Amino acid sequence: MDTSLWEIILVLNGCKNPWLEKIQQYITNKEFTNIRLFQTDEPGVSNARNIGLNRAKGEYITFIDDDDIVSNEYLEKLSELAQKDTIAISYTIAFSEKESYIPYYLEKEYKRCANKGKMPFIEAKKFFGGPCMKLIHRSIIGDSKFDCRFKNGEDSLFMFLISNKFKYIEFTDSNAIYYRRIRQESASHTSNRLEIAKNGWFLVKQYHHIFYKGNGYSFLFFITRILGIIHSLFNK
């Protein structure tokens with residue numbers, strides 16, 4: 001993967017030392033000229049992504065979390081498919097610190113959809129739980145931002161927010177891989193029932209606000225997001 005053709009924005013959030021100095025040294029030693037590094041004391045992945053969006057200058061945007069990995073052909077394959085009305089999506093494999101492979105529900109979905117070519121995004125709605133493993137045209141994102149008020153569900157909310165700006169999705173071949181690290185201590189695995197219930201209730205309210213205020217949102221997609229929240233509340 002020739003990353004010299006891409007602008008890479010690294011956002012270090014929350015903890016500054018010793019990571020900032022080490023990353024700066026690594027960039028200097030490798031003589032990277034297309035990497036811009038930013039640091040913020042405010043924690044939270046949503047805030048970090050918003051900083052990246054505010055500073056990105058490219059025509060296309062992809063998100064890669066700091067503890068995830070992508071294959072060598074990831075960007076190349078995605079860029080062959082992404083368009084102004086189409087989000088390109090890669091294959092994905094999950095792993096953890098203890099296991100090199102974890103069965104992941106999106107693998108099955110990928111195999112179901114991968115050979116169908118360009119298709120309406122609603123037919124693969126399970127892939128819109130977050131922005132990773134995708135290449136998105138900047139016009140689709142526009143001025144949209146991640147909602148930092150939420151500790152869980154904000155990724156899915158962001159994808160719903162921009163869902164009225166595109167029509168299709170198309171999958172890369174399986175050489176473009178997004179390796180997702182599963183962490184039990186992440187915000188999505190919290191066991192605080194009251195916190196989960198409050199977060200879910202406010203998410204439902206925000207989905208309603210976006211749907212009824214905006215134009216062109218799919219009612220079916222809206223309903224599936226609400227039902228997903230309700231299901232997760234009872235499941236947890």
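The legends below accompany several close-up views of this structure, which is a predicted model.

**View 1. Helices H6 and H7 where they meet.** The axis of helix H6, residues 154–161, and the axis of helix H7, residues 193–213, come within 11 Å and cross at roughly 10°. Angles under 35 degrees count as roughly parallel, and H6 and H7 are therefore roughly parallel to each other. On the H6 side the contact is made by Ser156, Leu157, Phe160 and Leu161, which meet Leu203, Gln206, Tyr207, Ile210 and Phe211 of H7. Sorted by kind, the residues of this contact between H6 and H7 are 7 nonpolar and 2 polar, with no charged residue.

**View 2. Helix H7 along its length.** The 21 residues of H7 should span 30 Å at 1.5 Å a residue, and the C-alpha atoms at its ends are 30 Å apart, which agrees. The buried residues of H7 are Ile196, Asn199, Gly200, Leu203, Val204, Gln206, Tyr207, Ile210 and Phe211. These buried residues pack against H6 and also against helix H8, residues 219–235.

**View 3. The open sheet of 5 strands.** The strands of this open sheet follow the order S3-S8-S5-S9-S7, and their pairing is mixed. Strand S3, residues 60–61, and strand S7, residues 119–120, are the edge strands, each pairing on one side only. Strand S7 pairs with strand S9, residues 168–171, in the antiparallel sense over 2 bridges, and within this pairing Met119 has Ile169 of S9 as its bridge partner.

**View 4. The open sheet of 3 strands, with strand S6 at an edge.** This open sheet has the order S4-S10-S6, again with mixed pairing, and its edge strands, each pairing on one side only, are strand S4, residues 69–70, and strand S6, residues 91–95. Strand S6 runs parallel to strand S10, residues 177–181, and 5 bridges join the two. Thr92 stands opposite Tyr178 in S10, while the bridge partner of Phe95 in S10 is Arg181. In a regular strand the side chains alternate between the two faces of the sheet. In S6, Tyr91, Ile93 and Phe95 on one side and Thr92 and Ala94 on the other are all buried, and both faces are thus covered. With 5 of its 5 residues buried, S6 is largely enclosed by the rest of the structure.

**View 5. Ile27 and the residues around it.** Ile27 is found in helix H1, residues 19–30, and is buried, with a relative accessible area of 12%. Not counting residues up to four places away in sequence, Ile27 touches Leu10, Phe32, Ile35 and Leu37. Leu37 lies 10 residues from Ile27 along the chain, and the C-alpha atoms of the two are separated by 9.1 Å.

**View 6. Asp85 in the loop before strand S5.** Asp85 lies in the loop between helix H3, residues 74–79, and strand S5, residues 86–89. Its relative accessible area is 27%, so Asp85 is partly exposed. When its neighbours within four places in sequence are left aside, Asp85 is in contact with Lys118, Phe166, Lys167 and Tyr168. Asp85 and Lys165 are 80 residues apart in sequence, yet from C-alpha to C-alpha they are 7.3 Å apart in space.

**View 7. Backbone details on either side of helix H1.** Most residues other than glycine have a negative phi, and most peptide bonds are trans. The bond that joins Asn17 and Pro18, however, is a cis peptide bond, with omega about 5°. Pro18 has its place in the loop between strand S1, residues 8–13, and H1. Glu31, in the loop between H1 and strand S2, residues 35–40, is not a glycine and nevertheless has a positive phi of about 60°. Glu31 is exposed, with a relative accessible area of 65%.

**View 8. Met133 in the loop between strands S7 and S8.** Met133 lies in the loop that runs between S7 and strand S8, residues 134–137. Although Met133 is not a glycine, its phi is positive, at about 60°. Is Met133 buried or exposed? At 5% relative accessibility, Met133 counts as buried.

Methods: Residues are numbered from 1 along each chain as its sequence is written. This is a predicted model: local features need pLDDT of at least 70, side-chain atom pairs count only at pLDDT 80 or more; totals for chains, interfaces and linings use all residues. Side-chain values use heavy atoms; hydrogens and water are left out. Axes are lines fitted to C-alpha atoms, for helices over the stretch in contact, and angles run from 0 to 180 degrees between N-to-C directions. Helices (H or I, at least four residues) and strands (E, at least two) are DSSP runs, numbered from the N terminus. Angles under 35 degrees count as roughly parallel, over 145 as roughly antiparallel, 65 to 115 as roughly perpendicular and the rest as oblique. Contact means heavy atoms within 4.5 Å. Ala, Val, Leu, Ile, Met, Phe, Trp, Tyr, Cys and Pro count as nonpolar, Asp, Glu, Lys and Arg as charged, and the others, Gly among them, as polar. The expected span of a helix is 1.5 Å times one less than its number of residues. Buried means under 20% relative accessible area, exposed over 50%, partly exposed in between (1.4 Å probe, protein chains only). Two strands pair if DSSP finds at least two bridges between them.
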